[in-house]
Amino acid sequence: MSDIASIDKNFKVGSTIDKQGIKFYDAKSAPFVIHGLMISDGVFHRIPISVAESTSEGVKRLNYNTAGGRVRFKTNSPYVAISVKYSTLGRMPHFAFCGSVGFDLYEGTRYVNTFIPTVDPKNEHESIINLGEPSMRDITINFPLYSSVNELYIGLDENAEIEAPESYSNEKPIVYYGSSITQGGCASRPGTCYQAHVSRRFNADYVNLGFSGNARAEDTIAEYIKGLDMGLFVYDYDHNAPTTDYLKATHEKMFLAIREANPSLPIIMMSRPLHKLNRTESDNRRMKIIKATYENARARGDRNVYFLNGDDLTELCGNEGTVDNCHPTDLGFASMADALIRLIEAENLL
């Protein structure tokens, strides 16, 4: 059977760039600004390498996944191209390559297009998005959620102007800690994970510390997070705990460590975004453990702690918001984002 792209041009994905007058720039250099990622020895990662190595083997590896990473800049180039080199690719049967491996581009808060990888990118990817007539634009390029990027080069017209972006409205970032759902599985593209929705709504910077299958509230990661200068902490630690006893022993412990170091920090606790029609007794026990952390804090007089349960997070999508009764689709992530946005607005948390 012939390739679908041969009969439907809308499915065609280019793997090479043929553009006269294009000039490539290293995204790690000014005036480009990287958010949500650190850079060591030229490699992108999310937390200090020493912290990741001390936490667990899983966090050590997942630290190089670029979930939550963004490069921002202004340009009047009529197009933006990327040239990428990966060290690992997120290949999963239930996760669109556009989300696990691809990048997407926004002009301000408006989605423009996706830098769609080929079916077999072989650790390299080139793609271009045409923007139209030259005009100074605010550009955000979101990094892939489940791949590790070593190099990223931005291609622009050689005569185009490039400027640093405007700063986010919120000086201190929102920090998210949690599981594969937090990391972004299984968003169809990076800009549809729930943190990206929240960021665009409030013009807020953020850091994604979702570690797929490896969010276990270890002392090392709790110690690191409590020292971050953050404006809001979203604590989505639930089903990576191997047992309910483990969750009970660690959930409130991590909260108290972060609260002690940050007495006035708004903290939102979330259970797994699983609709009541799909929850088991174990799921309900876990949700009660998380709610107990919240209720204990309130009983101590803490008025800057908040709780969202699975029903809150699935209010828009019902039980139709996952790809596998666990990981959200774009609909599921939009539902999560809606719950968070309404809470942040109602309580004036940013």
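Is Cys186 buried or exposed? Cys186 counts as buried, because its relative accessibility is 10%. Keep in mind that this is a predicted model.

**Cysteines**

The structure holds zero disulfides. A disulfide is a covalent bond between the sulfur atoms of two cysteines. For Cys186, the closest cysteine sulfur is in Cys326, 8.2 Å away, which is too far for a bond. Cys317 also has Cys326 as the closest cysteine sulfur, at 13 Å, again too far for a bond. Cys317 counts as buried, with 9% relative accessibility.

**Two cores**

In soluble globular proteins, nonpolar side chains tend to be buried together. Here the largest nonpolar core has 36 residues. Those with the most contacts inside this core are Ile47, Tyr177, Leu209, Ile225, Phe233 and Met254. Helix 8, residues 281–299, gives the most to this core: five residues. Take Phe233 as a case. Beyond its neighbours within four places in sequence, Phe233 is in contact with residues including Val175, Tyr177, Ile225 and Ile258. Other contacts of Phe233 are Leu265, Pro266, Ile267 and Ile268.

A second, separate core has 32 residues. Among them are Cys186, Ala196, Tyr206 and Ile341.

**Aromatic rings**

The count comes to 13 aromatic pairs. Phe32 and Phe73 form one that is edge-to-face, with 4.9 Å centre to centre and 70° between the planes. Phe32 lies in the loop between strand 1 and strand 2, and Phe73 in strand 5, so the pair ties together parts that are 41 residues apart in sequence. Both Phe32 and Phe73 are buried.

Tyr194 and Phe333 make a stacked pair, because their planes are at 25° and their centres 6.2 Å apart. Tyr194 lies in helix 5 and Phe333 in helix 10, so this pair ties together parts that are 139 residues apart in sequence. Tyr194 counts as buried, at 0% relative accessibility. Phe333 counts as buried too, at 0%. Tyr194 and Phe333 also belong to one aromatic cluster with Tyr176 and Tyr206.

Charged side chains can sit over rings as well. Arg189 lies over the face of Tyr111, 3.5 Å from the ring centre. Arg201 lies over the face of Phe202, at 5.0 Å from the ring centre.

**Helix 5**

Which residues of helix 5 are buried? They are Tyr194, Gln195, Ala196, Val198, Ser199 and Phe202. What covers them includes strand 13, helix 4, strand 14, strand 15, strand 16 and helix 10. Just after helix 5, Asn203 takes a positive phi of about 50°.

**Salt bridges**

The whole structure has 19 salt bridges. Three of them are listed here.

| Pair | Closest N to O distance |
|---|---|
| Glu107 and Arg110 | 3.0 Å |
| Glu345 and Arg201 | 2.2 Å |
| Arg259 and Asp302 | 2.7 Å |

Glu107 is partly exposed, at 26% relative accessibility. Arg110 is partly exposed as well, with a relative accessible area of 47%.

Glu345 in helix 10 and Arg201 in helix 5 are 144 residues apart, and their salt bridge links these distant parts of the chain. Glu345 is partly exposed at 38%, and Arg201 is partly exposed at 44%.

Arg259 lies in helix 7 and Asp302 in the loop between helix 8 and strand 17, so their bridge ties together parts that are 43 residues apart in sequence. Arg259 and Asp302 are both buried.

Finally, Arg91, Asp120 and Lys122 are linked in a network of salt bridges.

Technical notes:
Residues numbered from 1 in each chain as written. Predicted model: local features only at pLDDT ≥ 70, side-chain atom pairs only at ≥ 80, totals over all residues. Heavy atoms only, no water. Core = buried A, V, L, I, M, F, W, Y, C linked by side-chain atoms within 4.5 Å. Buried < 20%, exposed > 50% of the residue type's maximum accessible area, 1.4 Å probe, protein only. Helix = DSSP H or I, 4+ residues; strand = E, 2+ residues; numbered from the N terminus. Contact = heavy atoms within 4.5 Å. Phe/Tyr/Trp six-rings, centres within 6.5 Å; stacked < 30°, edge-to-face > 60°. Lys NZ or Arg CZ within 6 Å of the ring centre and 35° of its normal. Disulfide = S-S within 2.5 Å. Salt bridge = Lys/Arg side-chain N within 4 Å of Asp/Glu carboxyl O.
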